[in-house]
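Thanks for coming. I will take the core first and then the charged pairs. Please have a look at the model before I start.

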Amino acid sequence: MASPRTITVVALSVALGLFFVFMGTIKLTPRLNKDAYSEMKRAYKSYVRALPLLKKMGINSILLRKSIGALEVACGIVMTLVPGRPKDVANFVLLLLVLVVLFFHQLVGDPLKRYAHALVFGILLTCRLLIARKPEDRSSEKKSSAPGNVGSDGNAGNTEEQPSLYEKAPQGKMKLS
């Protein structure tokens, strides 16, 4: 049976991947939702107006919106379908994109309700990355060692658990006479 950690990582990967495929598609085409697409166009125009450096670099609102949308779709597909290390790379790229979008929202002075979803999904991406990159817990291997093997205390053939410091400590009042 799969460990709870594996189930959590897979569930987060699929859910986040599908969300970013959806959001990236909204940035790329009006076919899913015309109102959301028009709102994205308006928002990205305000981002480019607020950051003149983008204009100097030759990046207009259409290029910015479509490049962020394409990255979201590509990374979302990887998060949903591709196993292994590429998921972590896609997770990291999406986390960077979320940070950029949060920067844009702050730059134009949007209220919290306009970018709350970005905060939530940024936190979810961070959690998924931390859970996925955490090393496996080796405590279950120590408990299941055979009698002929070296136990958790380092002695061969003796696999009895050593009492913890709390168990060794005297309980109650001590007589000092």
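**Core and salt bridges**

At 40% relative accessibility, Arg 42 counts as partly exposed. Keep that residue in mind; I will come back to it. This is a predicted model.

Now the core. The largest nonpolar core has 28 residues, and the members that touch the most other members are Leu 16, Phe 20, Tyr 44, Leu 64, Leu 94 and Leu 125. Two or more residues come from each of α1 (4-28), α2 (34-50), α4 (61-81), α5 (85-108) and α6 (112-133). Which element gives the most to this core? That is α5, with 8 residues.

Take Leu 94 as an example. Leaving aside residues up to four places away in sequence, Leu 94 touches Phe 20, Glu 72, Cys 75, Gly 76, Met 79 and Leu 125. Glu 72, one of those contacts, brings me to the charged pairs.

In general, side chains of opposite charge can pair when their charged atoms come close. Searching the whole structure gives 6 salt bridges. I will go through three.

The first on my list is Lys 27 with Glu 72, whose side chains meet at 2.9 Å, N to O. Lys 27 sits in helix α1 and Glu 72 in helix α4, 45 residues apart, and the pair links distant parts of the chain. Are these two side chains buried or exposed? Lys 27 is buried, with a relative accessible area of 5%. Glu 72 is buried too, also at 5%.

Next, Asp 88 and Arg 133, again a salt bridge, at 2.9 Å, N to O. Asp 88 lies in helix α5 and Arg 133 in helix α6, so this pair ties together parts that are 45 residues apart in sequence. Here the partners fall in separate classes: Asp 88 is buried, with a relative accessible area of 10%, whereas Arg 133 counts as partly exposed at 45% relative accessibility.

There is also a network to mention. Glu 39, Arg 42, Asp 110 and Arg 114 are joined into one network by salt bridges that share partners.

That returns us to Arg 42. Its salt bridge with Glu 39 has the closest N and O atoms 2.6 Å apart. How many residues separate the two in helix α2? They are 3 residues apart, so about one helical turn lies between them. Glu 39 counts as partly exposed, at 30% relative accessibility.

That is what I have for today.

How values were computed
Residues numbered from 1 in each chain as written. Predicted model: local features only at pLDDT ≥ 70, side-chain atom pairs only at ≥ 80, totals over all residues. Heavy atoms only, no water. Core = buried A, V, L, I, M, F, W, Y, C linked by side-chain atoms within 4.5 Å. Buried < 20%, exposed > 50% of the residue type's maximum accessible area, 1.4 Å probe, protein only. Helix = DSSP H or I, 4+ residues; strand = E, 2+ residues; numbered from the N terminus. Contact = heavy atoms within 4.5 Å. Salt bridge = Lys/Arg side-chain N within 4 Å of Asp/Glu carboxyl O.
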